[in-house]
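This report walks through a few places in a protein chain where charged side chains and helices meet. Please keep the sequence and the structure at hand while reading.

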Amino acid sequence: MTAPILHSYFRSSTSFRLRIALNLKGVATCYRAHHLKLGEQSAAAYLNLNPQGLVPALELAGGTVLSQSLAIIEYLDETIPDPPLLPADPVTRAKARAIAQMIACDLHPINNLRVLNHLRSRFGADDEAVAAWFHHWVAQTFTPLESVLRDRERPSPYCFGSRPGLADICLVAQVANNARFAVDMAPFPEIQRIHDACMALPAFQAAAPANQPDAE
Ligand SMILES: N[C@@H](CCC(=O)N[C@@H](CS)C(=O)NCC(=O)O)C(=O)O
């Protein structure tokens, strides 16, 4: 069977999410890099595949292109149920989705490259102002996330249960993003602990930005 094509950029945290999920599910892909800083995501050929001009995208054998990291991860979870990426119990499942969405819906979109570029080009923000913006919005989500994780009913090395899932995937990828802006993780010890537990696993290590073919 032809391997799906993973459209990715090594530093992209949303691509990192999908790479982890693919590794956890044991799906081999053909890696295709799009250099975001060079604007390759806006090339006509890529826009043809994903009109949003964002990575990641997963091009399936047969040509169907899936976009949006969480939608692709759900597709993987539905088509390859083992190991599951969401808890079996509906309440815990809702809590896992809530953590994923805190990061994917409330934090990542406003700290994305195109938003930071717009702050610079339209509003004259310099490096310091951009970093202050980034740090502000991380704190707005990581502070409540830390307390949600601290208050979990059952202790676990991961967000929930005995294996990593969707919430861990989003958490780990965002922590990697934070590191690029030197976010101090000291106020977030539980998030850091979960990150470290996940990053000890081969599926997460292999997905890390530094281990991608386009890493600089
Ligand atoms: N909600 C989308 C976001 C995708 C996204 O924003 N990707 C970033 C990289 S992390 C991107 O392609 N940015 C290109 C740009 O900002 O021009 C997802 O989860 O897949």
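Leaving aside its neighbours within four places in sequence, which residues is Asp214 in contact with? In this model, which is a predicted one, Asp214 touches Ser8, Tyr9, Phe10, Tyr31 and Ala33. Asp214 itself is placed in the segment after helix H9, a helix that covers residues 202-207. One of these contacts is polar, since the side chain of Asp214 meets the side chain of Tyr31 at 2.7 Å. Asp214 is buried and yet has no salt bridge, and the nearest side chain of opposite charge, that of Arg19, is 5.9 Å away. Because a salt bridge requires a side-chain nitrogen of Lys or Arg within 4 Å of a carboxyl oxygen of Asp or Glu, the 5.9 Å to Arg19 leaves Asp214 without one.

**Salt bridges**

Elsewhere, the structure holds five salt bridges, and the table lists some of them, with the closest N and O atoms of each pair.

| Pair | N to O distance |
|---|---|
| Arg11 and Glu216 | 3.4 Å |
| Lys25 and Asp77 | 2.6 Å |
| Arg120 and Asp127 | 2.6 Å |

The side chains of Arg11 and Glu216 meet in a salt bridge, and this pair links distant parts of the chain, with Arg11 in the loop between strand E1 (5-8) and helix H1 (13-25) and Glu216 in the segment after H9, 205 residues apart. Arg11 is partly exposed, at a relative accessible area of 27%, whereas Glu216, with 65%, is exposed.

Asp77 forms a salt bridge with Lys25; Asp77 lies in helix H3 (residues 69-79) and Lys25 in helix H1, so the pair ties together parts that are 52 residues apart in sequence. Are these two partners buried or exposed? Both Asp77 and Lys25 are buried.

In the salt bridge between Arg120 and Asp127, Arg120 counts as partly exposed at 35% relative accessibility, while Asp127, with a relative accessible area of 57%, is exposed. In addition, Arg152, Glu190 and Arg193 are linked to one another in a network of salt bridges.

**Helices that meet**

Two packed helices are described by the angle between their axes and the distance between the axes. For helix H7 (residues 166-180) and helix H8 (residues 189-199), the axes come within 9 Å and cross at roughly 100°. With that crossing angle, H7 is roughly perpendicular to H8. On the side of H7, the residues that meet H8 are Asp168, Leu171, Val172 and Val175, and their partners in H8 are Ile191, Ile194, His195, Cys198 and Met199.

How do the axes of helix H4 (residues 90-107) and H6 cross, and what distance do they come within? They cross at roughly 175° and come within 10 Å, and H4 and H6 are therefore roughly antiparallel to each other. The contact is made on the H4 side by Ile99, Met102, Ile103, Asp106 and Leu107, and H6 contributes residues including Trp137, Phe142, Pro144 and Leu149.

Helix H6, which spans residues 127-150, also holds Ala131. With a relative accessible area of 24%, Ala131 is partly exposed. The C-alpha atom of Ala131 is separated by 29 Å from that of Ala96, a residue 35 places away along the chain.

Key: Residues numbered from 1 in each chain as written. Predicted model: local features only at pLDDT ≥ 70, side-chain atom pairs only at ≥ 80, totals over all residues. Heavy atoms only, no water. Helix = DSSP H or I, 4+ residues; strand = E, 2+ residues; numbered from the N terminus. Buried < 20%, exposed > 50% of the residue type's maximum accessible area, 1.4 Å probe, protein only. Lys, Arg positive; Asp, Glu negative; His and termini not counted. Polar contact = N/O pair within 3.5 Å; in protein donor to acceptor, adjacent residues only side chain to side chain. Contact = heavy atoms within 4.5 Å. Axes fitted to C-alpha atoms, helices over the stretch in contact; angles between N-to-C directions. Parallel < 35°, antiparallel > 145°, perpendicular 65-115°, else oblique.
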